[in-house]
Amino acid sequence: MSRSNLVELAKRRGYFFQSAGAYGGVSGFYTYGPQGATLKDNVEDAWRERFGVQEGHREIDAPTVMPEAVFEASGHLDTFDDMLVACPECGASHRADHLIEDNTDIEEAESFAPEEIADLVAEHDIQCPNCGTELAGEPVEEFNLMFETNIGPGDASTGYLRPETAQGIFVEFPQLAEYARNQLPFGITQIGKAYRNEISPRNSLVRTREFTQAELEHFVDPNEDEPLIERVADVELTLYPAEKQAESEETEYVTRTVREAVDEGLVHEWVAYYLGVGKQWYESIGVDMDRFRFRQHLSGELAHYAADCWDAEGEIDGDWYELAGFAYRSDYDLSKHDEYSDDDFTVFKQYDESKVVERATVDPDMSYLGPEFGGGAADVAAELELLAERDRAAFEDEAVTVSVDGEEHEIPTEKTGFAVEEVKETGEQIMPHVIEPSIGVDRAVYTVLVHAYSEDEVEGEQRTRLALDPGVAPTFVGVFPLMDKDGMGELARELTDELRAEGLAATYDDSGNIGRRYRRQDEVGTPFCVTVDYDSLEDSEGQRASERPSGDEPRGYTVTLRERDSTEQVRVPVDDLPDLLADLREGETTFSELDAPAAEQ
Ligand code: ATP
């Protein structure tokens, strides 16, 4: 398959196309057409079902614009950069690490420093892909990917379009923990737009500047909570561990079930659990499992706070693309917001049984500290309190030393009121850890389309087919009259309405010969077509179907039902059709289980 064929089909058949074409288009922005928007909705619904409903996690919907303080805390303001090199001749901007990956055997060049990338650009004589000018010696700079905006008139308050949906969940944690009655574990999902001012958007939906993410933040107690591995224990994972990536020239995978991957210590148990869930979901929406793998982050790629991270990757034309990240992020995100904001990002964890613990306290003699330290007495008292919590041994000598604003002060221990008391504790404040499956919806949709695309021949005629899974196909059934005459058109239109009323996405088509209409639906990816033909005109008792009395009476006539992938057809009673199609959509029956096929018309 050539990528341009798919992109051309996507535009012609209403899947997706570059936005604002009337004004020359803007790189990195796409509009989903009528088919594409429905396909994307169906993919999102399947994600909500698998990651939300089936896991018992709840969804929120936070704003896409957030204040600067959020991104100061999250680190995006400082570090959410890509490496930029600009062509001195034509001015085109390029992602420097991608130039290295495209022109050398180096993979994951993102983990190199800008100076190293600049050296590699020179060493490999890398040229501007746009005009061929040598880029050696050009500066490689860090470019922050966030879109900045002003909140309110003027520029008093800086905001940013969120570069990921996750921060909307982390920032609201104190409130969300209350809804969860402060009970760990709990999971919050969010699906929505994210924005990144990508240096060089490419490969249509793969790298855009506005895209949809589907993220889950699963908050757990690291000391107690464990995943219910048995729910996905037997799911087989194609794993590409870091050591295999470093070790050999050949790509070598390790195939393990989720249970085996955990038992062998290959994957962190929480991450493994969600790799199992993720694989099930990608398979359910029609990603080809022979072109799908989980790749572990190399140590240079792994964020310092992450215990383990694996990307789901899909293969397109021989290249592998990141579709999602599955990371164990420890307490990094919550502790950052805890530190930067005024709120508390911990939860109170009640012990099963209360414990008696020793606590060191001070009760400084202010009649001594006051005259001794004047206005600084309160600060000295506060430092004494901190010291008692941190280092009891410091109070064993005659005098205690504390430091206030860099100046050391000595206080006789007897004036500190130091004591150790026994107190009963019923629980403690803990900072939850988080597991984050972060899925790109557009890359999922694109991979589904690429993996579904094929060209074959049917009865000597070339056809293009999108073998979309019936569960996500935007149009589920095409309904045609053989010809729009002798009442066949009316019956087919009536049937279309009826199927729509049953919640099936049906389309009516009577233009062109029947073969062309099938080809059209094959190209759109419609799994089934129904044709009302001359045999349909009479019911089983020989009565003309179009003249039968209206109402709930059975109609008794038959239609042909054709399957897209095999092009086979069966005759089925029209009265059974809605239930039959619903079963096919839900996967409760398969086409080959229906009656013996009739020949293609
Ligand atoms: P990449 O390395 O490809 O830029 P990333 O590692 O920065 O991706 P994450 O921050 O982990 O991506 O985002 C999670 C998911 O969001 C990605 O796996 C991908 O599916 C999606 N995503 C990220 N950036 C884009 C983009 N520019 N266009 C479309 N989808 C994207």
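**Exercise 1. Is Cys 309 buried or exposed, and what is its relative accessible area?**

Solution. The model under study is predicted.
Step 1. Cys 309 has a relative accessible area of 8%.
Step 2. Buried means under 20% relative accessible area, so Cys 309 is buried.
Step 3. The same test is applied to Cys 529, whose relative accessible area is 0%; Cys 529 is therefore buried.
Step 4. A disulfide requires a pair of cysteine sulfur atoms within 2.5 Å. By this rule the count comes to 0 disulfides.

**Exercise 2. Describe the overall dimensions and content of the chain.**

Solution.
Step 1. The chain has 18 helices and 28 strands.
Step 2. For a compact globule of 601 residues, a radius of gyration near 25 Å would be expected, but the chain has 32 Å.
Step 3. The C-alpha trace spans about 110 × 65 × 55 Å along its principal axes.
Step 4. Of the 601 residues, 49% are buried.
Step 5. Consider the contacts between residues at least 6 apart in sequence: 67% of them join residues at least 24 apart.

**Exercise 3. Identify the partners of strand E16 and state how it pairs with each.**

Solution.
Step 1. Strand E16 comprises residues 319-328, and 7 of its 10 residues are buried.
Step 2. Strand E15 (residues 308-316) runs antiparallel to E16 and is joined to it by 9 bridges. Within this pair, Gly 314 stands opposite Tyr 321 in E16.
Step 3. The hairpin of E15 and E16 has 2 residues between the strands, and Asp 317 takes a positive phi near 50 degrees there.
Step 4. Strand E21 (residues 433-440) is also antiparallel to E16, with 5 bridges between them. Here Ala 324 has Ile 439 in E21 as its bridge partner.
Step 5. As background, strands of a sheet pair through backbone hydrogen bonds, either parallel or antiparallel.

**Exercise 4. Determine which strands stand at the edges of the sheet with the order E4-E9-E8.**

Solution.
Step 1. This open sheet has 3 strands, with antiparallel pairing.
Step 2. Strand E4 (65-67) and strand E8 (148-150) each have a single partner strand, so they stand at the edges and one side of each is left without a neighbour in the sheet.
Step 3. From one strand to the next, the twist averages 40 degrees.
Step 4. E4 pairs with strand E9 (residues 158-161) over 3 bridges in the antiparallel sense. Pro 67 has Gly 159 in E9 as its bridge partner.

**Exercise 5. Explain why helix H17 is described as largely enclosed, and examine its two ends.**

Solution.
Step 1. Helix H17 covers residues 514-524, and 9 of its 11 residues are buried, so the helix is largely enclosed by the rest of the structure.
Step 2. Its buried residues include Ile 514, Tyr 518, Asp 522 and Val 524.
Step 3. At the N-terminal end, Asn 513 caps H17, with a side-chain oxygen 3.0 Å from the backbone nitrogen of Gly 515.
Step 4. Just after H17, Gly 525 takes a positive phi of about 95 degrees.

**Exercise 6. Characterise the surroundings of Arg 465.**

Solution.
Step 1. Arg 465 lies in strand E23 (residues 461-466).
Step 2. Its relative accessibility is 15%, so Arg 465 counts as buried.
Step 3. Beyond residues up to four places away in sequence, Arg 465 touches several others, among them Tyr 453, Asp 456, Arg 564 and Asp 565. Asp 522 also appears in this set of contacts, and Asp 522 is one of the buried residues of H17.
Step 4. The side chains of Arg 465 and Asp 565 are joined by a polar contact of 2.8 Å.

Definitions and conventions
Residues are numbered from 1 along each chain as its sequence is written. This is a predicted model: local features need pLDDT of at least 70, side-chain atom pairs count only at pLDDT 80 or more; totals for chains, interfaces and linings use all residues. Side-chain values use heavy atoms; hydrogens and water are left out. Helices (H or I, at least four residues) and strands (E, at least two) are DSSP runs, numbered from the N terminus. Buried means under 20% relative accessible area, exposed over 50%, partly exposed in between (1.4 Å probe, protein chains only). A polar contact is a pair of N or O atoms within 3.5 Å; within protein, one must be able to donate a hydrogen and the other to accept it, and residues adjacent in sequence count only if both atoms are side-chain atoms. Contact means heavy atoms within 4.5 Å. Two strands pair if DSSP finds at least two bridges between them. Axes are lines fitted to C-alpha atoms, for helices over the stretch in contact, and angles run from 0 to 180 degrees between N-to-C directions. The radius of gyration is taken over C-alpha atoms; the globule rule is 2.2 Å times the number of residues to the power 0.38.
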